Amino acid sequence: MMSVDAATVRRIAHLARIAVSEGEVPHLQGELNAMLAFVEQLSEVNVEGVEPMTSVTPMQMKKRQDVVDDGEIADDIVANAPATEGHFFLVPKVVE
Amino acid sequence: MSTATHKLLKGATGEWEMVIGMEIHAQVTSKSKLFSGASTAFGGEPNSQVSLVDVAMPGMLPVINEECVRQAVRTGLGLNAQINLRSVFDRKNYFYPDLPQGYQISQYQSPIVGEGEVIVDLDGGKTATIGIERLHLEQDPGKMLHDRSPSLSYIDFNRSGVALMEIVSKPDIRDAEQAKAYVTKLRSIMRYLGTCDGDMEKGSLRADVNVSVRRPGAPLGTRCEIKNMNSITFIGQAIEYEARRQIEILEDGGQIEQETRRFDPNKGETRSMRSKEEAHDYRYFPDPDLLPLEFSQAFVDELKAKLPELPDQKKTRFVADLGLSAYDASVLVAERESAVFYETVLDKLGNRARDGKMAANWVINELFGRLNKEGRDITGSPVSAEQLSCIIDLIGEGTISGKIAKDLFEIVWQEGGDPRALVESRGMKQVTDLSAIEKVVDDIIAANPDKAAQVKDKPQSLGWFVGQVMKASGGKANPQSVNDLLKSKLGV
């Protein structure tokens, strides 16, 4: 039976860049474990040799021709950005 | 052709062997992006080549570019690799400002191309075979500029979503020379195929290099990954430095920590990039927006039938058909443009079987030598393939001597013009008229009676006479005629 501990909850929150206070951790831990327990029911089914289903009806992935038919909409692209300059997005400095 | 022995590093306590594996990111040559219709052209205005898909606006769905699929298959075929008729796109999750989706669409467990191998050319005509683990398609992230403001990073998504091929080698590389040769060979193959332009300065080809060291034949050591190398020279330097660093730690009784490092070309050293607690956890899962990528064997066969001749095949053909040495052939085929130039010279030759090898010598020694000296590449050569071919015809048919040909080459380089007409107008023709040469031969023998007397005992001194006659004729006498005449006159 898969379950998460408090440390895992904090780690997942960090990876998703979601601020989680210490007080919220036990509650979230309970919720995540409940979800995992629900999904865990699937392991009762024997799927030995069964191909994973990727679509309900058999279909091929749609493909595009290699043509340029989009872009040149820099105003639209940055329209919702909190900070821009000369069509660049601006973000707090990140240097590794 | 022989298989290379690799270089071992000498430490204070004995010899060490390097084990190197590489991940090459090669930008796919296509007009539009992997999953959108925005242009891939380099150098556009910020965010002008971006669609709503590329910046992950809500409700946007990726649709795959079929040309990128063909390019990946072509590259796989060029690497003698397994082509997978069914592959799957996954989401590689990480949070960074250059990636608006919050995940990169990549391929994890089921890549489009599986195992293959590449034969790399080393010094002295030696070769090594490097295994390919896989090749998969993925999206390039955006570009961040950190130098425009002390507190802000500027982001341009023009590159975001451009198709990349990540080519992963097996850990078969054993020293820096092999590593450089491997990148050079991959680049060459992709440039022949037209699947990646290989422009490292523009970032079209970047390499992550995994380095570890061990005692020869011992189990694998812990590796460090040097990220984002975009120069073949730096790759060599980084490997040498990193291997030395690891050996020093191990010989001092320490342990190598698995980590990501960056190479600083100014200081010539590698430095740790990420702390351990920030280690990435990509949480891959199949992208629900994309069905598995499937195509038929017939699709692969059709692409295979239309592949151009690749460098290895060309090299083999040059050796077999024209009698070139393996080394000369590999020099000619290394860059596609050089091979094209040489083959154009061949096509124009009057007698390809007779002069093909001489043409190779001229291209490699005279032309490349001269181009290198002036820091030009083959596409900027002042002497065209047609002109060079004509010069070689003139030598081959005996109209001019090899020595005069060098003068003619210089004139064509400086002034241009039709070599045949130049030979005519400047009186450079070789003298084959025996009576004219005979006069010169007689004069020289008469002027050097002592040397003439010695020739019978020292036949090698005949060469001195040939030299004198050639000099006196301004290089225009036919060396074979001179030789024959001298032999009969001196009685050797």
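1. In this predicted model, Asn93(B) stands opposite Tyr103(B), a residue of strand 6 of chain B. The pairing to which strand 6 belongs is antiparallel and runs over four bridges, the partner being strand 5 (residues 90-93) of chain B. A third strand completes the arrangement: the open sheet has the order 6-5-16 in chain B, again with antiparallel pairing. Strand 6 and strand 16 (285-286) of chain B form the edges, and each has a single partner strand, so one side of each lacks a neighbour in the sheet.

2. A second open sheet deserves attention, as its four strands have the order 2(A)-3(A)-10(B)-9(B) and pair in the antiparallel sense. Its edges are strand 2 (84-85) of chain A and strand 9 of chain B; each of these has a single partner strand, so one side of each is left without a neighbour in the sheet. Within chain A, strand 2 and strand 3 run antiparallel and are joined by two bridges. Glu85(A) has Phe88(A), in strand 3 of chain A, as its bridge partner.

3. The junction between the chains in this sheet is the pairing of strand 3 (residues 88-92) of chain A with strand 10 of chain B, which is antiparallel and comprises four bridges. Here Pro92(A) stands opposite Leu152(B) in strand 10 of chain B.

4. Turning to the interface as a whole, 53 residues of chain B are in contact with 38 residues of chain A. The area buried between the two chains is about 4,100 Å², and carbon and sulfur atoms give 56% of that area. On the side of chain B, the residues that lose the most area to chain A are Phe95(B), Tyr154(B) and Leu291(B), which together account for 14% of what that side buries.

5. How many residue pairs are in polar contact across the interface of chain B and chain A? The rule finds 24 such pairs, both residues being at pLDDT 80 or more. Two or more residues on the side of chain B that touches chain A come from each of strand 3 (64-65), helix 1 (66-78), strand 9 (143-145), strand 10 (152-156) and strand 17 (293-294) of chain B. Strand 10 of chain B gives the most, with five residues. By class, this side of chain B has 27 nonpolar, 13 polar and 13 charged residues.

6. The salt-bridge count between chain B and chain A is one. That contact is formed by the side chains of Asp281(B) and Arg11(A), at 3.3 Å from N to O. Over all chains, the structure holds 50 salt bridges.

7. Two salt bridges within chain B link distant parts of the chain. The side chains of Glu115(B) and Lys170(B) meet at 2.8 Å, N to O. Glu115(B) lies in the loop between strand 6 (103-106) and strand 7 (116-121), whereas Lys170(B) lies in the loop between strand 11 (163-169) and helix 2 (176-193), the two residues being 55 residues apart. Arg191(B) forms a salt bridge with Glu337(B), with the closest N and O atoms 2.7 Å apart. This pair connects helix 2 of chain B, which holds Arg191(B), to helix 7 (residues 336-348) of chain B, which holds Glu337(B), across a separation of 146 residues.

8. The domain assignment of chain B gives domain 1 (9-304), domain 2 (309-425) and domain 3 (434-490). The C-alpha centres of domain 2 and domain 3 of chain B lie 31 Å apart.

Conventions:
Residues are numbered from 1 along each chain as its sequence is written. Chains are lettered from A and ligands numbered from 1 in the order in which they are written. This is a predicted model: local features need pLDDT of at least 70, side-chain atom pairs count only at pLDDT 80 or more; totals for chains, interfaces and linings use all residues. Side-chain values use heavy atoms; hydrogens and water are left out. Contact means heavy atoms within 4.5 Å. Buried area is the accessible area (1.4 Å probe) that two parts lose on being put together, summed over both. A salt bridge is a side-chain nitrogen of Lys or Arg within 4 Å of a carboxyl oxygen of Asp or Glu. A polar contact is a pair of N or O atoms within 3.5 Å; within protein, one must be able to donate a hydrogen and the other to accept it, and residues adjacent in sequence count only if both atoms are side-chain atoms. Ala, Val, Leu, Ile, Met, Phe, Trp, Tyr, Cys and Pro count as nonpolar, Asp, Glu, Lys and Arg as charged, and the others, Gly among them, as polar. Two strands pair if DSSP finds at least two bridges between them. Domain bounds come from an automatic or database domain assignment.
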